[in-house]
Amino acid sequence: MSKIGLCLSGGGSRGAYQIGVAKALEELGLLGKINAYAGTSIGSVNAALLATMTPDEAMKLWLNTSVDEIKSTEGTFRRLMQERIAVVDKGIYNIAPLEKRLHAYLDPNAIKDKEIYITLSRGGASNESIIGLMKSLYRHFIKHETNVLYPNIALHPFEEAVRMILASCSIPVAFPAVIDGERKYYDGGLYDNVPVKPLFDNGCDIIVVVHLFGLEFIEQSRYPNCCFHEIRPSVPLGWLLNFDPAKAEKLYHIGHDDAIAHFRNHPAEF
């Protein structure tokens, strides 16, 4: 019997597109067949939401969020002038509203019953500046020392799971790193923006991938005997940090229609 995974890539405010795809999967009778979820950055948020609630319920978070909520209370240019490199560590935007909403929307008990992998990028030591992240990037891409993690948040206490999701969303410069012990963690997309690996490694042989960038591709030869359904945007999805609800609703409908079109042309075998 096949094990089916849903992989949600990173892409900031474009993530509403993925909720539309999930709605289409629900209408096609496929969403309930998903056994495991994986997400990077905003995809980690959506993975946690869709694993524990309906697409309609998940969309409420998107429709009740605005870009004004995450903007820093100080002007960006003023902060760059005054703080210079320090602003890189502190982030231009405020991630606290996302943390508040995760606590409000996620059900800790529902998460425990699911298989939800999120992508984390290991940065430098907690007392290092952005230079620590640059060293980590060098070791990962040049020295081939793996600095990407795929924890299953269902196996962790709820508060720790929320912090992991926040870390997966912490785009350098835009948002502050999440510190856990002696290490900083950043947006999972630095090392793996399309996290099919934890799904494949944990037995998924059918994976539905929802891209948020048109030019992302999976090297399928690395995943033998695995069937992929890749759903990608039919049109450009716009700026990554525009959380306007009107834009979110538009992207939701685009995602829905793209998914319907995909499975019309590539019927699901599950």
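User: A polar contact is a pair of N or O atoms within 3.5 Å, one able to donate a hydrogen and the other to accept it. In this predicted model, which residue has its backbone oxygen 3.4 Å from a polar atom of the side chain of S121?

Analyst: The side chain of S121 reaches the backbone oxygen of D187 at 2.8 Å. A separation of 3.4 Å is also found for this side chain, and that value falls within the 3.5 Å cut-off. The backbone oxygen at 3.4 Å belongs to G188.

User: Is S121 buried or exposed?

Analyst: S121 is found in strand β4, which spans residues 120-125. Its relative accessible area is 0%. Residues under 20% count as buried, so S121 is buried.

User: With which residues is S121 in contact, leaving aside its neighbours within four places in sequence?

Analyst: The backbone oxygens of D187 and G188 have already been named as lying by the S121 side chain. Both residues appear in the contact list of S121. With sequence neighbours within four places left aside, the list reads N147, K184, Y185, Y186, D187, G188, G189, L190 and Y191.

User: Which residues lie nearest the centre of the largest pocket?

Analyst: The largest pocket holds about 340 Å³ of space. Its lining divides into 8 nonpolar, 3 polar and 4 charged residues. Of the 15 lining residues, those nearest the centre are Y150, Y191, D192, R222 and Y223.

User: Which element gives the largest share of the lining of the second largest cavity?

Analyst: The structure holds 2 cavities of 30 Å³ or more, and the second largest has a volume of about 40 Å³. Two or more lining residues come from each of α8 (108-112) and α10 (158-168). The largest share, 3 residues, comes from α8.

User: How many nonpolar, polar and charged residues does the lining of the second largest cavity have?

Analyst: The second largest cavity is lined by P108, I111, K112, H156, P157, F158 and A161. Lys counts as charged, and Pro, Ile, Phe and Ala count as nonpolar, whereas His falls among the polar residues. By class, the lining has 5 nonpolar, 1 polar and 1 charged.

User: Which residue in β9 stands opposite I206?

Analyst: Strand β8 (residues 206-210) runs parallel to β9, and 5 bridges join them. Strand β9 covers residues 227-231 and is mostly covered, with 4 of its 5 residues buried. Within this pairing, the residue opposite I206 is C227.

Notes. Residues are numbered from 1 along each chain as its sequence is written. This is a predicted model: local features need pLDDT of at least 70, side-chain atom pairs count only at pLDDT 80 or more; totals for chains, interfaces and linings use all residues. Side-chain values use heavy atoms; hydrogens and water are left out. On a 1 Å grid over the protein atoms alone, a cavity is a set of points where a 1.4 Å probe fits but cannot get out, and a pocket is an open set with protein on both sides within 12 Å along at least five of seven lines; lining residues have an atom within 4 Å of a point. Grid points are joined across faces, edges and corners, and a volume is the space filled by probe spheres set on the points. Buried means under 20% relative accessible area, exposed over 50%, partly exposed in between (1.4 Å probe, protein chains only). Contact means heavy atoms within 4.5 Å. Two strands pair if DSSP finds at least two bridges between them.
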